[in-house]
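This note is intended for a colleague who is meeting the structure for the first time. The points below may be read beside the sequence and the model.

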Amino acid sequence: MDQQKIGQFIAERRRERGLTQAQLAEQLGVTDKSVSKWERGVCLPDASNYQPLCEALGMTISEFFAGERIASPADPAIAEAAAVSLAETSDAR
């Protein structure tokens with residue numbers, strides 16, 4: 001999982017939606033400093049924020065983990081890679 005790529009994607013999607021970091025943070029119940037850290041690739045959001053973040057930015061969970069738009073979100077290889085990446089991250093904790 002590439003935190004830098006994911007962060008850039010979050011920033012890109014937020015800007016496309018016309019949201020400031022503060023507005024996105026308010027929607028998610030976090031601080032704008034948290035959003036800034038995500039976008040700079042310093043850290044990822046807490047797992048409890050994955051779905052709300054994806055909904056706010058109009059992306060799928062698979063796209064979130066890939067850090068890019070996926071032409072066919074039903075592609076099983078992409079979905080499997082995202083699931084494996086999430087499992088590896090969870091195991092590392």
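In what order do the elements of the chain run from the N terminus on? The points below begin with that matter.

1. Overall make-up. The model is a predicted one. From the N terminus on, its elements run α-α-α-α-α-α. The secondary structure thus comes to six helices and zero strands. The chain has 93 residues, of which 35% count as buried. Among contacts in the chain with a separation of 6 or more, 52% are accounted for by residues 24 or more positions apart.

2. Helix H2. This helix spans residues 21-28, and its buried residues are Leu24, Ala25 and Leu28. Viewed down the axis of H2, these buried residues fall within an arc of 100°, so they line one face of the helix. What do the buried residues of H2 pack against? Their partners are helix H1 (3-16), helix H3 (32-39) and helix H4 (50-57). Just after H2 comes Gly29, which takes a positive phi of about 75°.

3. Helix H3. Buried residues in H3 are Val35, Ser36, Trp38 and Glu39. They cover an arc of only 160° around the axis, and this places them on the same side of H3. The buried residues of H3 pack against H1, H2 and H4. Just after H3, Gly41 has a positive phi of about 75°.

4. Helix H4. In H4 the buried residues are Tyr50, Leu53, Cys54, Ala56 and Leu57. Seen down the axis of H4, they fall within an arc of 165°, so they line one face of the helix. Gly58 follows H4, and its phi is positive, near 65°.

5. Packing of H2 with H3. Two packed helices are described by the angle between their axes and the distance between the axes. H2 and H3 pack at an angle of about 110°, and their axes are 8 Å apart. An angle of 65 to 115 degrees counts as roughly perpendicular, and H2 and H3 are therefore roughly perpendicular to each other. From H2, the contact is made by Gln21, Ala22, Leu24, Ala25 and Leu28; from H3, by Asp32, Val35, Ser36, Trp38 and Glu39. The residues of this contact of H2 with H3 divide into six nonpolar, two polar and two charged.

6. Packing of H2 with H4. How do the axes of H2 and H4 cross, and at roughly what angle? They come within 10 Å and cross at roughly 130°. That makes H2 oblique to H4. The crossing of H2 and H4 is right-handed. Leu24, Gln27 and Leu28 in H2 meet Pro52, Leu53, Ala56 and Leu57 in H4. The residues of the contact of H2 with H4 divide into six nonpolar, one polar and no charged.

7. Arg13. This residue is found in helix H1. Is Arg13 buried or exposed? Arg13 counts as buried because its relative accessibility is 7%, and buried means under 20%. Leaving aside residues up to four places away in sequence, Arg13 touches Leu57, Gly58, Met59 and Arg69. Two of these partners have been named above: Leu57 is among the buried residues of H4, and Gly58 is the residue that follows H4.

8. Glu63. Helix H5 (residues 61-66) holds Glu63. With a relative accessibility of 4%, Glu63 counts as buried. Which residues does Glu63 touch, not counting residues up to four places away in sequence? They are Phe9, Glu68, Arg69 and Ile70. Arg69 is also touched by Arg13.

9. Leu44. Where does Leu44 lie? Leu44 is in the loop between H3 and H4. At 17% relative accessibility, Leu44 counts as buried. Not counting residues up to four places away in sequence, Leu44 touches Met1, Gln3, Ile6, Trp38, Tyr50 and Phe64. Of these partners, Trp38 is one of the buried residues of H3, and Tyr50 is one of the buried residues of H4. Leu44 and Ile6 are 38 residues apart along the chain, and their C-alpha atoms are separated by 8.2 Å.

Note on methods. Residues numbered from 1 in each chain as written. Predicted model: local features only at pLDDT ≥ 70, side-chain atom pairs only at ≥ 80, totals over all residues. Heavy atoms only, no water. Buried < 20%, exposed > 50% of the residue type's maximum accessible area, 1.4 Å probe, protein only. Helix = DSSP H or I, 4+ residues; strand = E, 2+ residues; numbered from the N terminus. Arc of directions from axis to C-beta. Contact = heavy atoms within 4.5 Å. Axes fitted to C-alpha atoms, helices over the stretch in contact; angles between N-to-C directions. Parallel < 35°, antiparallel > 145°, perpendicular 65-115°, else oblique. Left-handed = near helix turned anticlockwise from the far one by under 90°. Nonpolar A, V, L, I, M, F, W, Y, C, P; charged D, E, K, R; others polar.
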